[in-house]
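Hi everyone, thanks for coming. Please take a look at the protein on the screen, and I'll walk you through a few places in it.

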Amino acid sequence: MALKVLSALDTAKTQWYHFKAIIIAGMGLFTDAYDLFCIPPIMRLLRRIYYDNHPTTFDSDDDNFVIPALVVSALVGFPLLGTILGQLLFGRLGDLVGRRHVYGLSLMVMVLSSIGCGFSICTSTTCVLVSLGFFRFLLGVGIGGDYPLSATIMSEFANKKTRGSFIAAVFSMQGFGILASSIVTIVVCAVFNFLSNPDPKEVTPDEADIAWRLILMLGAIPAAMTYYWRMMMPETARIEKAFNGNDRFLSLTFLNFPIDIHPPSLHSPISYTALVELNVAQAAKNMEKVLAVSLSQIAEDEPDLLTMGQNPASSYPFFSKEFLRLHGRDLFSCAANWFLVDIVFYSSNLFQSQIYRRYIDQKYPKYDVNLYQDALHVAELQAIVTICSTIPGYWFTVYFIDRIGRRRIQMMGFFVMALVYFSIGIPYTTHWAEHTDEGFMVLYGLTFFFANFGPNTTTFIVPAELFPARFRSTCHGVSGALGKVGALIGSIGFLWAAHGQNEEDRKTKEIKMSLIGLGVVCILGLVVTYLFTPETRGRSLEENENENENGNEQHA
């Protein structure tokens with residue numbers, strides 16, 4: 001027999017609170033995308049400010065402003081390492097102490113570290129970059145924490161009919177974050193260019209050191225504006241009943257030590273107390289605050305409350321053979337797909353300015369642009385790609401996810417991306433290297449569209465639907481952390497393949513092999529999805545949990 005409060009959630013009509021939750025939860029992902037993807041144009045500024053390598057006479061040739069590959073790798077890699085840590089740490093804490101109580105903390109880490117990036121200490125090259133790397137690592141920790149918490153909270157508040165669309169809408173805020181980073185960069189660079197109008201053939205002006213800092217700090221404003229509403233969100237009903245009546249067992253499994261304790265007082269100030277004591281009454285009160293339903297409709301009868309959901313098997317910890325037997329297959333599927341898609345997505349996004357360099361140089365000869373115009377052109381191109389392919393891809397998923405299903409969209413996305421990467425990569429040395437025109441731009445834009453109308457979005461959704469409530473945030477964090485390992489491999493691997501090489505033939509061949517390699521990765525993702533990924537559309541979270549436990553028992 002299902003709890004009334006969960007049945008009410010699963011059948012609730014779309015309400016104002018759902019849209020409010022999308023904005024509140026999505027703002028962290030907005031900040032995530034803003035801070036990670038403002039780096040390509042900012043790198044164009046940093047190289048002119050801190051890596052002026054001309055010997056005597058100033059020359060605006062790109063070869064005189066090359067940031068060492070190790071430095072670029074650190075600036076890209078540190079936030080990804082922080083994201084891995086944040087996903088594992090906050091994901092586990094979300095299950096141990098409740099989603100709400102660490103949700104505001106992850107946002108505050110993001111806000112403060114974004115401001116810290118702008119206030120990077122000193123003006124000397126080494127000091128600035130070390131400080132920037134440190135704050136970007138902390139930024140990654142906050143970003144990482146936001147992934148499992150936002151996805152889990154939205155999945156647990158949503159109804160089963162439109163749950164996929166709501167989680168996808170939260171994730172789609174990334175697209176607006178990428179667009180915002182481009183717009184802010186364009187505006188800041190245009191203002192600085194208007195005020196100083198530096199000659200491209202003259203030394204970089206000192207005030208340019210302020211521009212990139214301002215771009216980074218402005219990214220903290222949207223997230224800071226939602227902090228109050230995050231702290232006012234109630235705990236989700238499903239975490240309130242996550243331990244299914246096993247009221248003497250508190251699974252503190254972060255270190256794999258289950259502790260047998262008596263439950264705390266009913267007057268405990270922590271709203272997730274039913275994680276231990278099955279406080280369905282508190283869950284009902286919380287849901288009454290946000291759903292247009294009276295407490296009498298979702299309150300449980302006390303006798304039923306004490307008998308429902310008694311499941312001796314529910315006491316197994318996260319690090320156990322029982323968890324591996326019941327949920328190992330699903331965790332592998334989620335983590336492997338996220339790992340593969342992030343190799344592709346991050347290598348393409350973070351270094352699209354390098355891939356499009358030929359196109360930009362054809363339109364704007366590099367000897368005729370100053371540093372502000374240089375960064376502005378990269379941001380313009382990024383904004384065009386985001387508007388034409390990235391954001392539409394997200395919203396196609398929002399519309400179709402509960403009609404087509406997660407599995408089909410994920411397979412379709414991997415398949416089409418593979419075709420596009422092969423069509424770009426195989427003839428790259430013979431055609432595209434010399435014809436980086438609108439046709440190339442359209443094809444490359446399709447990879448972003450089908451990444452987002454495909455595995456980049458579905459890998460965020462599925463882990464928030466497959467696992468039991470008391471492991472849901474942890475498993476989402478583990479899956480996302482493996483994804484960011486893929487992002488680290490993809491972005492830094494692509495960088496070392498194409499960064500700072502003066503031999504044009506060698507660079508072209510390396511880019512060709514990278515593009516073909518990305519196509520192969522997409523094929524692997526298609527295979528993993530086909531063999532291991534279950535469909536979660538149209539079922540409640542509890543139905544998904546039970547069906548997958550039964551299915552995985554048969555596979556074991």
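**A short tour of the fold**

Let's begin with the whole protein: of its 556 residues, 62% are buried. Please keep in mind that this is a predicted model. As for secondary structure, the protein has 27 helices and 2 strands. Now consider the contacts between residues with a separation of 6 or more: 85% of them join residues that are 24 or more positions apart.

Next, the aromatic rings. How many aromatic pairs does a search of the whole structure find? It finds 29. Let me pick one of these pairs, Y316 with F471. Their ring centres are 5.6 Å apart and the planes meet at 35°, so we call the pair tilted. To be stacked, the planes would have to be under 30 degrees apart, and to be edge-to-face, over 60. Where do the two residues of this pair lie? Y316 is in the loop between α15 (302-307) and α16 (321-350), while F471 belongs to helix α25 (residues 469-498). The pair therefore ties together parts that are 155 residues apart in sequence. Both partners are buried: Y316 has a relative accessible area of 8%, and F471 has one of 1%.

There is also an aromatic cluster to show you, formed by F396, Y399, F400, F449, F450 and F453. One member, Y399, has a charged neighbour too: R403 lies over its face, 4.0 Å from the ring centre. Elsewhere, R230 lies over the face of Y103, at 3.8 Å from the ring centre.

Now to a pair of helices. Helix α4 (residues 69-96) and helix α5 (residues 99-118) have axes that come within 7 Å and cross at roughly 150°. Angles over 145 count as roughly antiparallel, so that is how α4 and α5 run relative to each other. Which residues make the contact? On the α4 side they are F90, L93, G94 and D95, and on the α5 side R99, V102, L105 and S106. By type, the residues of this contact are 4 nonpolar, 2 polar and 2 charged.

Let's move on to three single residues, starting with S172. This serine sits in helix α7 (residues 163-196). Is S172 buried or exposed? S172 is buried, with a relative accessible area of 1%. Beyond its neighbours within four places in sequence, S172 is in contact with Y394 and W395. S172 and G26 are 146 residues apart in sequence, yet their C-alpha atoms are 7.7 Å apart in space.

If we follow the chain on, we come to N197, in the loop between α7 and α8. At 55% relative accessibility, N197 counts as exposed. What is the phi of N197 near? The value is near 45°, which is positive in a residue other than glycine.

Our last stop is R213, in helix α8 (residues 208-218). This arginine is charged, and it counts as buried at 11% relative accessibility, since the cut-off for buried is under 20%. What does R213 touch, not counting residues up to four places away in sequence? Its partners are Y50, G118, F119, S120, C122 and V128. One of these, G118, falls within helix α5 (residues 99-118), the helix we just saw beside α4.

That's the tour, and I'm happy to take questions.

Technical notes. Residues numbered from 1 in each chain as written. Predicted model: local features only at pLDDT ≥ 70, side-chain atom pairs only at ≥ 80, totals over all residues. Heavy atoms only, no water. Phe/Tyr/Trp six-rings, centres within 6.5 Å; stacked < 30°, edge-to-face > 60°. Helix = DSSP H or I, 4+ residues; strand = E, 2+ residues; numbered from the N terminus. Buried < 20%, exposed > 50% of the residue type's maximum accessible area, 1.4 Å probe, protein only. Lys NZ or Arg CZ within 6 Å of the ring centre and 35° of its normal. Contact = heavy atoms within 4.5 Å. Axes fitted to C-alpha atoms, helices over the stretch in contact; angles between N-to-C directions. Parallel < 35°, antiparallel > 145°, perpendicular 65-115°, else oblique. Nonpolar A, V, L, I, M, F, W, Y, C, P; charged D, E, K, R; others polar.
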